[in-house]
Amino acid sequence: TEKKEKKRRPTPPLSTSWLQAEAVRYLQRWPASEERVRRVLWKRVKRAQSFHGGTNAEAAPMVEAVIESLKKNKFVDDGRYARLWVDSLRRRGTSRRMIFKKLREKGVAQEDIAAAIEHHEPEEGGDPEYESAVAYAKRRRLGPYRVPLDDSWERKRKDLASMARAGFSYGIAQSVLG
């Protein structure tokens, strides 16, 4: 019994309209930063080049034209993207340091990340870093949120280390676990 090979439509020739359609198709599925869209477009360029040839110098203006068009039409907005991520990560209990790290990996500019963090305010008011630390401790069942309660020194040291690895300062971790 021979396994039937899946037929794949050949990639169309490289053009700005095709790259625009690919970018929009990607953005309909996932929110993305400008840098992520650029990476996706370059992957599509490589695929088209393997079928039809061409150079990166010919493709670069097409990719940049598509990115500019997407930014102008608000399909790509790193500020909005960063705000969505900051809200989500804060609810999960992510520290300011880790938010910066994750969003930098996604290609968001530091100014956009800083603005999004400043824009974010917890519902109850108060210190957003402390609120995130409490959410993290609850989610990981650390300190007073552990069942059954274990307040031994060894366990407290491990919980403090866990919170430090998550990017929280010693003072905040101490007050949440204390």
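**Close-up 1. Glu-22 and its partner in helix α1.** At 10% relative accessibility, Glu-22 counts as buried, because buried means under 20% relative accessible area. The model shown here, as in every view below, is predicted. The side chain of Glu-22 meets that of Arg-25 in a salt bridge, at 2.4 Å from N to O. Both residues belong to helix α1, which covers residues 16–29. They sit 3 residues apart, about one turn of the helix. Arg-25 has a relative accessibility of 43%, so Arg-25 counts as partly exposed.

**Close-up 2. Asp-159 and two arginines.** Asp-159 takes part in a salt bridge with Arg-146, where the closest N and O atoms are 3.0 Å apart. This pair links distant parts of the chain. Arg-146 lies in the loop between α7 and α8, while Asp-159 lies in helix α8 (153–165). In sequence, 13 residues separate them. Are Arg-146 and Asp-159 buried or exposed? Both are buried. For Asp-159, the relative accessibility is 2%.

Asp-159 also meets the side chain of Arg-155 in a salt bridge, at 3.9 Å from N to O. Asp-159 and Arg-155 both lie in helix α8. They are 4 residues apart, about one turn of the helix. Arg-155 has a relative accessible area of 28%, so Arg-155 is partly exposed.

**Close-up 3. A network of salt bridges.** Which residues are joined into one network by salt bridges that share partners? The acidic side chains come from Glu-34, Glu-35, Glu-64 and Glu-68. Their network also takes in Arg-38, Arg-39 and Lys-71. For the structure, the count comes to 14 salt bridges.

**Close-up 4. Helix α4 and its buried face.** Helix α4 runs over residues 78–92 and has 15 residues. From its first C-alpha to its last, helix α4 reaches 21 Å. That is close to the 21 Å expected at 1.5 Å a residue. Its buried residues are Asp-78, Gly-79, Tyr-81, Ala-82, Val-86, Leu-89 and Arg-90. Seen down the axis of α4, these residues fall within an arc of 155 degrees, so they line one face of the helix. What covers the buried residues of α4? The cover includes α2 (34–52), α5 (96–105), α6 (110–119) and α7 (128–140). Turned away from the buried side, another face of α4 carries the exposed residues Leu-84 and Arg-91.

**Close-up 5. The two ends of helix α4.** At the start of α4, look for Asp-77. One of its side-chain oxygens reaches to within 3.2 Å of the backbone nitrogen of Gly-79. Just after α4 comes Gly-93. Gly-93 takes a positive phi of about 95 degrees.

**Close-up 6. Aromatic pairs.** A pair of aromatic rings is described by the distance of the centres and the angle of the planes. How many aromatic pairs does the structure hold? There are 3 aromatic pairs. One of them is Tyr-81 with Trp-85, and this pair is edge-to-face. The ring centres are 6.4 Å apart, with 65 degrees between the planes. Tyr-81 and Trp-85 both lie in helix α4, 4 residues apart, about one turn of the helix. Tyr-81 has a relative accessible area of 7%, so Tyr-81 is buried. Trp-85 stands at 29% relative accessibility and counts as partly exposed.

Tyr-136 and Phe-168 form a tilted aromatic pair. Here the distance is 5.8 Å centre to centre, and the planes meet at 50 degrees. Tyr-136 lies in helix α7, and Phe-168 lies in the loop between α8 and α9 (170–177), so the pair ties together parts that are 32 residues apart in sequence. Both Tyr-136 and Phe-168 are buried.

**Close-up 7. Backbone details in the loops.** Most residues other than glycine have a negative phi, and most peptide bonds are trans. Where does Lys-74 lie? Lys-74 is in the loop between α3 (56–72) and α4. Lys-74 has a positive phi of about 65 degrees, although it is not a glycine. At 55% relative accessibility, Lys-74 counts as exposed.

Arg-141 lies in the loop between α7 and α8. Its phi is near 55 degrees, a positive value in a residue other than glycine. Arg-141 has a relative accessibility of 57%, so Arg-141 counts as exposed. Pro-148 also has its place in the loop between α7 and α8. A cis peptide bond joins Val-147 to Pro-148, with omega at about -5 degrees.

Notes
Residues are numbered from 1 along each chain as its sequence is written. This is a predicted model: local features need pLDDT of at least 70, side-chain atom pairs count only at pLDDT 80 or more; totals for chains, interfaces and linings use all residues. Side-chain values use heavy atoms; hydrogens and water are left out. The expected span of a helix is 1.5 Å times one less than its number of residues. Buried means under 20% relative accessible area, exposed over 50%, partly exposed in between (1.4 Å probe, protein chains only). The arc is that of the directions from the helix axis to the C-beta atoms. Contact means heavy atoms within 4.5 Å. A polar contact is a pair of N or O atoms within 3.5 Å; within protein, one must be able to donate a hydrogen and the other to accept it, and residues adjacent in sequence count only if both atoms are side-chain atoms. A salt bridge is a side-chain nitrogen of Lys or Arg within 4 Å of a carboxyl oxygen of Asp or Glu. Rings of Phe, Tyr and Trp (its six-membered ring) pair if their centres lie within 6.5 Å; planes under 30 degrees apart count as stacked, over 60 as edge-to-face and the rest as tilted.
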